[in-house]
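Open the model in your viewer and keep the selection tool at hand. The stops below go from the whole chain to pairs of helices and then to single residues.

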Amino acid sequence: MVELELCISLLFKPLLHHLKALLSIDNEFIGIWLSLLGIMTQLLGDEPSSKNIRTSGAIVTRESLLQRTKDLGSEHLRNAIMVMFALGVLNEEENEISSVTWAAIGSIGYCKPLVDEWKQSAIADTTIAVETNTEE
């Protein structure tokens with residue numbers, strides 16, 4: 001399972017680490033972000049199956065492995081959304097990146113029920129950060 005977490009982390013950590021630099025280059029970020037959203041759409045898509053996988057003597061069902069993958073993937077995606085909100089890349093108003101992002105996430109069956117929660121959380125976090133900065 002550690003390998004799975006590392007693989008998913010490798011999708012997001014470089015993006016988030018270099019986000020400010022990517023945003024300074026015209027049209028560079030949107031292409032990378034669209035590719036990452038495409039990967040997440042495939043990763044978090046529906047895959048029915050009931051095969052079992054043997055790992056280190058323990059049997060892991062395919063469903064439990066897929067559930068863990070989806071949990072990890074959606075957690076990393078949510079973190080990226082929060083960082084992008086904090087940097088002003090995503091916002092409440094409709095811009096190209098926001099529209100594409102919410103449309104892609106809304107089309108992912110696993111994340112669809114979480115979209116409103118993520119938006120509210122990001123807006124609340126941004127509001128708290130702004131209020132904290134103005135009080136100082």
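Start with the whole chain, of whose 136 residues 32% are buried. This is a predicted model. The exposed area of the chain is about 8500 Å², and carbon and sulfur atoms supply 55% of it.

Now colour by secondary structure. The chain has six helices and two strands. Read from the N terminus, the order of the elements is α-α-α-β-β-α-α-α. Among the contacts in the chain with a separation of 6 or more, 63% are between residues 24 or more positions apart.

**Stop 1: helix 1 and helix 4**

Select residues 2–17, which are helix 1, and residues 62–86, which are helix 4. How do these two helices lie against each other? Two packed helices are described by the angle between their axes and the distance between the axes. Here the axes come within 10 Å and cross at roughly 15°. An angle under 35 degrees counts as roughly parallel, and helix 1 and helix 4 are therefore roughly parallel to each other. Helix 1 passes helix 4 in a right-handed crossing.

To see the contact, show side chains on both helices. Helix 1 contributes Leu4, Glu5, Ile8, Ser9, Phe12 and Leu16. From helix 4 come Leu65, Arg68, Thr69, Leu72, Gly73, His76, Leu77, Ala80 and Val83. By type, the residues of this contact between helix 1 and helix 4 are nine nonpolar, four polar and two charged.

**Stop 2: helix 1 and helix 3**

Keep helix 1 and add residues 28–43, which are helix 3. The axes of helix 1 and helix 3 are 12 Å apart, and the helices pack at an angle of about 160°. That makes helix 1 roughly antiparallel to helix 3. The crossing of helix 1 past helix 3 is left-handed.

On the helix 1 side, select Ile8, Leu11, Phe12 and Leu15. They meet Phe29, Ile32, Trp33, Leu36, Ile39, Met40 and Leu43 of helix 3. Which kinds of residue make up the contact of helix 1 with helix 3? Eleven are nonpolar, with no polar and no charged residues.

**Stop 3: helix 3 and helix 4**

Hide helix 1 and look at the remaining pair. Helix 3 and helix 4 have axes 10 Å apart and pack at an angle of about 155°. Helix 3 and helix 4 are therefore roughly antiparallel to each other, and their crossing is left-handed.

In this contact, Phe29, Trp33, Leu37, Met40 and Leu43 of helix 3 meet Thr69, Lys70, Gly73, Leu77, Ala80, Ile81 and Met84 of helix 4. The contact of helix 3 with helix 4 divides into nine nonpolar, two polar and one charged residue.

**Stop 4: Thr101**

Next select Thr101, which is in helix 5 (residues 96–107). Is Thr101 buried or exposed? Thr101 has a relative accessible area of 0%, so it is buried. Leaving aside residues up to four places away in sequence, Thr101 touches Trp33, Leu37, Ile81 and Leu90.

**Stop 5: Ile108**

Finish at Ile108, in the loop between helix 5 and helix 6 (115–135). Ile108 is buried, with a relative accessible area of 2%. What does Ile108 touch, not counting residues up to four places away in sequence? The residues in contact with Ile108 are Met40, Thr41 and Leu44. Add Gly45 to the selection: the C-alpha atoms of Ile108 and Gly45 are separated by 6.2 Å, although the two are 63 residues apart along the chain.

Methods: Residues numbered from 1 in each chain as written. Predicted model: local features only at pLDDT ≥ 70, side-chain atom pairs only at ≥ 80, totals over all residues. Heavy atoms only, no water. Axes fitted to C-alpha atoms, helices over the stretch in contact; angles between N-to-C directions. Helix = DSSP H or I, 4+ residues; strand = E, 2+ residues; numbered from the N terminus. Parallel < 35°, antiparallel > 145°, perpendicular 65-115°, else oblique. Left-handed = near helix turned anticlockwise from the far one by under 90°. Contact = heavy atoms within 4.5 Å. Nonpolar A, V, L, I, M, F, W, Y, C, P; charged D, E, K, R; others polar. Buried < 20%, exposed > 50% of the residue type's maximum accessible area, 1.4 Å probe, protein only. Areas by Shrake-Rupley, 256 points an atom, 1.4 Å probe, with all protein chains shown as cover.
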